Amino acid sequence: MASLITAKAIMSHHHVLSSTRITTLCSDKAIDNQQRKTKLQISHRFFSRRTISAAVINSASPVPKKETVEDERRCHVAWTSVQQEKWEGELTVQGKIPTWLNGTYLRNGPGLWNIGDHDFRHLFDGYSTLVKLEFDDGRIFSGHRLLESNAYKAAKKHKKLCYREFSETPKPSRSNFKNPFSGVGEIVKLFSGESLTDNANTGVIRLGDGRVMCLTETQKGSILVDHDTLDTIGKFKYDDGLCDHMIHSAHPIVTETEMWTLIPDLVKPGYRVVRMEAGSNKREVVGRVKCRSGSWGPGWVHSFAVTENYVLIPEMPLRYSVRNLLRAEPTPLYKFEWCPNDGAFVHVMSKLTGEIVASVEVPAYVTFHFINAYEEDENGDGKATVIIADCCEHNADTRILDMLRLHTLRSSHGDDVLPDARIGRFRIPLDGSKYGKLETAVEAEKHGRAMDMCSINPLHLGLKYRYVYACGAKRPCNFPNALTKVDIVEKEVKIWHEHGIIPSEPFFVPRPGATHEDDGVVISIVSEENGGSYAILLDGSSFEEIARAKFPYGLPYGLHGCWIPKH
Ligand SMILES: CC(=O)/C=C/C=C(C)/C=C/C1=C(C)CCCC1(C)C
Ligand SMILES: CC(/C=C/C=O)=C\C=C\C=O
Ligand SMILES: [Fe+2]
């Protein structure tokens, strides 16, 4: 079977699409490489020859020459760059989409890992690629598109890396090689934010006022998009003086009325807790917390949690490191360092007053993602005595960061090499105690000792809740390869898995009017071993398949998504 497929023209009330040639790569092993490259060049409108062939060979740097063909055969489409900048079309649905599900699921993630002659090293380096699934009366209109960040546009124009990505630093220009002051210049560019990426490849959120924004950990990587066309609208301009802090959490907490986020301070280690009203571009500082550890840098903060009345600020022992920030070549911990001897902490701030109401030392932990948090009133007098906060916890093992290197992900030999993870549950007393607890919420074996990329019913944000949807594992694996539903009250787990798949974050959408927490659907996009991919819809309660819709081409792994209801 040839690996070129033509997507038919599709017309609907607002979709007038031209016929688009699209390409799958890993599906047809027999096709001759050279022939394949030629076809790609013909069918491809956007990428340079080198970009295409690099994507075909799909090599992570550095890969010995003789390995490339083997690598290509082994390579999973999850770690294969998208083959064109955009595509749009209707997907054929198998099964039945619930009639109430009308709106758009938008997913962001790194989808292009090479530019010019340069192959990226880490999963988080890739250029942002948006994928949409528009549910319309039982039909699915889909598409993907690369985000037009300055980092991506510059890379395309100059055919090289131009900004600092998660693990990569652009090479100094030739004229700067012999310049003894170029090092100082690089430091200035780093600390002024000039050299930092705006490649907003981590998540996408819908603000309460309806604006849709892609995000990463650099503040300049806050980019507005049109969720229908996937067009890049432009930078989100924060109308406050807080951008000089350069970085923020990649996971703000958004409701219909407000957005909360954390801004780490690299100079005076601490975090600003900020709030922005829906409709505004101005973040207000609600409070500031100083880091407790004596180390130079604040703990890395990818995400955090809120309850009804409090903001939880994690201070992980995985800390920003000035030494590693200044290094051109990455270390196994990239921009961070592991400082367990300096302690691990969680701080709790009042949303109303900005006061710190608890600051406890906890056992060492490593987490990208907080799941949820809530207040508990143990005395039954209406006053919160303890805060419960759950996160995807990697057993205080920092190896997970380096496991997400593309070469490691691509060269899977069926070995069981994914480090164990669990649902870590913090208990943070509000009585002035010095210590908090960190326990395993549900026996990790039940979800294959993998746990990340979580979602909950958004109506339970900051409140007591029961169900976590996340990626788990069917071992052996080198990456989470199953979808899981965890009942954290009954401590039961449901698993959905098919051989050879890599599913992205299971995203829960509640049914309007539902009275049960798990009454809704779970959406995920699955990359298949044979080079294909499909969108899957699971029933939120039974966790069984309701419908699926195959893409006419393979899509890579993606990170986080959001739901934009149709009004
Ligand atoms: C994709 C994801 O989850 C995380 C992306 C993180 C990024 C792009 C971090 C970038 C950074 C720099 C370019 C230098 C300063 C530190 C840091 C925020 C890690
Ligand atoms: C994909 C991932 C971890 C998987 C490990 O089990 C973490 C992603 C973090 C960024 O959003
Ligand atoms: Fe994330």
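Ala, Val, Leu, Ile, Met, Phe, Trp, Tyr, Cys and Pro are counted here as nonpolar, Asp, Glu, Lys and Arg as charged, and the others, Gly among them, as polar. The exercises below concern a predicted model.

**Exercise 1. Characterise the surroundings of ligand 1: which residues are the closest, and how does the shell divide by residue class?**

Solution.
1. The shell of ligand 1 holds 15 residues, and the closest are Arg164, Asn201, Thr202, Thr216 and His302.
2. Ligand 1 on its own exposes 490 Å², of which the protein buries 98%.
3. As to location, the largest cavity is where ligand 1 sits.
4. By class, the shell around ligand 1 comprises 7 nonpolar, 4 polar and 4 charged residues.

**Exercise 2. Determine which residues form the nonpolar patch on the surface, and which elements give two or more residues to it.**

Solution.
1. The patch is formed by Ile187, Phe191, Trp296, Val322 and Leu326.
2. Together these residues have about 380 Å² of accessible area.
3. Two or more residues of the patch come from each of α6 (182-191) and α7 (322-326).
4. Phenylalanine 191, one of the patch residues, is found in helix α6.

**Exercise 3. Explain why the salt bridge of arginine 121 and glutamate 329 ties together parts that are apart in sequence.**

Solution.
1. Side chains of opposite charge can pair when their charged atoms come close.
2. The cut-off for a salt bridge is a nitrogen-to-oxygen distance within 4 Å.
3. Arginine 121 and glutamate 329 meet in such a bridge at 3.5 Å, N to O.
4. Arginine 121 lies in the loop between β8 (118-119) and β9 (127-136), and glutamate 329 in the loop between α7 and β22 (336-338), so the pair links parts 208 residues apart in sequence.
5. In total, the structure holds 38 salt bridges.

Key: Residues are numbered from 1 along each chain as its sequence is written. Chains are lettered from A and ligands numbered from 1 in the order in which they are written. This is a predicted model: local features need pLDDT of at least 70, side-chain atom pairs count only at pLDDT 80 or more; totals for chains, interfaces and linings use all residues. Side-chain values use heavy atoms; hydrogens and water are left out. A residue is near a molecule or strand if one of its heavy atoms lies within 4 Å of it. Accessible areas come from the Shrake-Rupley method with a 1.4 Å probe; for residues, only the protein chains shown count as cover. On a 1 Å grid over the protein atoms alone, a cavity is a set of points where a 1.4 Å probe fits but cannot get out, and a pocket is an open set with protein on both sides within 12 Å along at least five of seven lines; lining residues have an atom within 4 Å of a point. A molecule sits in a cavity or pocket if more than half of its atoms lie within 2 Å of its grid points. Patches are made of residues with over 30% relative accessible area and no salt bridge: like charges are joined within 9 Å, nonpolar side chains (Val, Leu, Ile, Met, Phe, Trp, Tyr) within 5 Å. A salt bridge is a side-chain nitrogen of Lys or Arg within 4 Å of a carboxyl oxygen of Asp or Glu. Helices (H or I, at least four residues) and strands (E, at least two) are DSSP runs, numbered from the N terminus.
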